[in-house]
Amino acid sequence: MATANPFNTILKTLEKPDGGEFGKYYSLPALNDPRIGKLPYSIKILLESAIRNCDEFQVKSKDVEKIIDWENTSPKQVEIPFKPARVLLQDFTGVPAVVDLACMRDAMNNLGGDSNKINPLVPVDLVIDHSVQVDVARSENAVQANMELEFQRNKERFAFLKWGSNAFDNMLVVPPGSGIVHQVNLEYLGRVVFNTNGMLYPDSVVGTDSHTTMIDGLGVAGWGVGGIEAEAAMLGQPMSMVLPGVVGFKLLGKLRDGVTATDLVLTVTQMLRKHGVVGKFVEFYGEGMSELTLADRATIANMSPEYGATMGFFPVDHVTLQYLKLTGRSDETIAMIESYLRANKMFVDYNEPQIEKVYSSYLELRLEDVEPCISGPKRPHDRVPLKEMKADWHACLDNKVGFKGFAIPKESQNKVAKFSFHGTEAELRHGDVVIAAITSCTNTSNPSVMLGAALVAKKACELGLEVKPWIKTSLAPGSGVVTKYLQKSGLQKYLNQLGFHIVGYGCTTCIGNSGDIDESVASAISENDMVAAAVLSGNRNFEGRVHPLTRANYLASPPLVVAYALAGTVDIDFETEPIGTGKDGKKIFFSDIWPSSEEVANIVQSSVLPDMFKATYKAITKGNPMWNHLSVPSTTLYAWDPTSTYIHEPPYFKGMTMSPPGPHGVKDAYCLLNFGDSITTDHISPAGSIHKDSPAAKYLMDRGVDRRDFNSYGSRRGNDEIMARGTFANIRLVNKLLKGEVGPKTIHVPTGEKLSVYDVAMRYKNAGQGTIILAGAEYGSGSSRDWAAKGPMLLGVKAVIAKSFERIHRSNLVGMGIIPLCFKPGEDADTLGLTGHERYTIDLPSSVNEIRPGQDVTVATDSGKSFTCTARFDTEVELAYFNHGGILQYVIRNLIGSKQ
């Protein structure tokens, strides 16, 4: 059981410069251990947390020693516990988390425990930002119109979240229309250093959104976890993690004129992806740091999931303190942050000689080598230098279907689809832009690229350029501050003139909430099989994510989004071809509308002011009239409404008893799906629109829900019935059992019938037959989506056998009681001659004490083949979850057993 903290001897008082004290803190220098001085800054945060939380039960002295000895232990994949200071949620992932907490209260009650033990023990901030859709664009009234529609569609979910904010302690809900979670975190929620009841410690956060890493730009350790892990962290469970290696990334020099932070992040993403950083921290250092504004750092940190790292960390320095001042944090708070970090040797002062840190591996980039670029057409790390874009586009049209190919026959590459747009004759070619969106936390929190985009718009308007009316243009800032500085600069009117009106404060197009494109455009694309393009300032461009009809999706800086909207196509060489014709018939080139870095810096300097941040965030907690009018019951147990299609009591704890069920093997299971590489969580559990012919649509129509009120899968995540039906419902799913046909179907092996994945899964489940999934490399990459594990569990999937797994997804599978197995290196379903028509038996010991993390497991098939896999239970804690039937069951049984 827990005991007193053995490190209380190093508890020191932090004095204020003018007398008095800030509080107490655990002093790392007081350990007098020379190894600590050489540790990466990111590892020191893990060390301080372990020391402060050491109780010889959840966190042990030997865990502290493992972290101090990081240089020797990190290559050995040792496991450590980590207790983050707080948890961050957004509404897509927050609704199911609150549903689970409400359901756990009921389960506690049913088992005779105290349901009030189910309460967050650390601060939980939930920002509602994923629900707004671009229904209305190119209109002065767009923000209000989209928000009204958002409230109509999501009233039930929002009321449920409002209930949660009252029913649970420690939970702040930031209402819709306030901004994007990561930007609000950066500008307002981020503490950098906590002072809780006189105890000082570094801020750290886990979030149920993979881009939680954006906060790493502020020197706060934060990363994305599955909703399941976040719930455990809220309830005081330590997160079990492998002590990561740290890649030291040295930045030198400064960016060339006209090169943006987005160009830099796409370059860094490609470099790190190539280096291989999955499961590692990346820590940035070097003299180039002084040239990077905090917003630029946050842009780089934001895209950690795209380069595969757990974190992209920028330690706190003078630039961080300046940003805290700019965003309206108080002088007293900033003084405390600086004093604490200096006292604990966690502050970087470039005026002092630097102690060389030890890193697991090293990379460096001269900032002047970065050139303008975009990424696409289907993956964030497929970077294309702007000057090669035209050639690359033509290669994509030629190449066979793949990440860089559309296989359009030569003779139809110049095809022109003629259509009528509201009475105007229009035409569409391959590569024409139909969506141009300035969107996403990645870029809209960066004033230099936002004001850069506005300057491009100003120059274009003055020269007489226009955006074609059928291109769906939108601007969705991540914070109200953006609106304030665009107005102060006097540039918003030029963005409006080109159709980039503000449409809402949320994720919008970046997560697929792009709304419909005009019917005439949609028909022209579908009927002529055109490869239409979207250009967005987002962070993800997987196929089928941005919009079902845009097969090519490019990530670009906000100013480039405006440039491509003006050009109307991605099939252009900006160096040699004109963007358009000006008012006097003169050809206008890219260089005519592109602002210099100095022009941008000057306008940022005069337009972005601390009072804007103070005013914006003062208003946030007051909510808005629509939110304030939602009435909710004040009960601590939730009254489930059986007729609700949004919030439904999940079946996870039905029939649960106090004794764990023990580990399960798999006997004679059928293969539900047979996949290749890079199956993302978007394929497994799509967040976007609900297709009219899908099992989820049938469920909704049977309950009287009109098609226009279907909303998205993401917004329906509080209802397990819909999410189970939405599992593997992605229209772009490629399943080898279908022999080349694309779509959300599979084969029922015993009868050979082809049905929706859900219907086949239910057939197996009702017949008492288990199922498995075969997959290639990087299974579960993309967003940290707990429904990508919950859904398969509800479909009856017992195991996934893959070449490799994405970090968060693998732990989510374990958390839901699904066995993750890896083929041995060099082997996969194809090399082993597996077709997916076999039956599979996985032999596991019936006692959890006989299973070791990472042990070999034999898989046998009824065709006589057998092969060895590695069981990817990576830690002892994960085995305990598996023994209990899942992480939530483990937590409930532990809480009932605890005396607290």
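This is a short walk through two cavities, a set of paired strands and one leucine. A reminder before we start: this is a predicted model.

Cavities first. How many cavities of 30 Å³ or more are there? The count comes to 2.

Take the largest one. It holds about 80 Å³ of space. Its lining consists of Tyr41, Lys44, Ile45, Val192, Pro202, Gly219, Phe313, Pro315, Val316, Leu341 and Met346. Which element gives the most to that lining? Helix H2, residues 41-52, with 3 residues. By class, the lining has 9 nonpolar residues, 1 polar and 1 charged. The charged one is Lys44. The polar one is Gly219, since glycine is classed as polar here.

Now the second largest cavity. It holds about 30 Å³. Pro96, Val99, Asp100, His648, Pro650, Tyr652, Arg717, Gly718, Asp720, Trp787 and Lys790 line it. Two helices each supply at least two of these residues: H5, 91-110, and H29, 787-794. H5 gives the most, with 3 residues. The class split here is 5 nonpolar, 2 polar and 4 charged. Among the charged residues are Asp100 and Arg717.

On to the strands. Keep your eye on E34, residues 866-871. What does E34 pair with? Strand E31, residues 819-823, runs antiparallel to E34, and 3 bridges join them. Within that pairing, leucine 821 stands opposite alanine 871. Strand E33, residues 856-861, also pairs with E34 in the antiparallel sense, over 5 bridges. There, valine 857 has cysteine 869 as its bridge partner. E33 and E34 make a hairpin, with 4 residues between them. Look at the turn: glycine 864 has a positive phi of about 95 degrees.

Last stop, leucine 428. This residue lies in strand E19, residues 424-429. Buried or exposed? Leucine 428 counts as buried, because its relative accessibility is 1% and the cut-off for buried is under 20%.

What does leucine 428 touch, leaving out residues up to four places away in sequence? On one list we have Lys415, Val416, Ala417, Phe419, Val434, Trp470, Val521, Ala524, Ile525 and Met530. Pick out isoleucine 525 from that list. Leucine 428 and isoleucine 525 are 97 residues apart along the chain, yet their C-alpha atoms are separated by 7.9 Å.

That is the tour. Questions, please.

Methods:
Residues numbered from 1 in each chain as written. Predicted model: local features only at pLDDT ≥ 70, side-chain atom pairs only at ≥ 80, totals over all residues. Heavy atoms only, no water. 1 Å grid on protein atoms, 1.4 Å probe; cavity = no way out; pocket = protein on both sides within 12 Å on 5 of 7 lines; lining within 4 Å. Points joined across faces, edges and corners; volume = space filled by probe spheres on them. Pairing = 2+ DSSP bridges. Buried < 20%, exposed > 50% of the residue type's maximum accessible area, 1.4 Å probe, protein only. Contact = heavy atoms within 4.5 Å.
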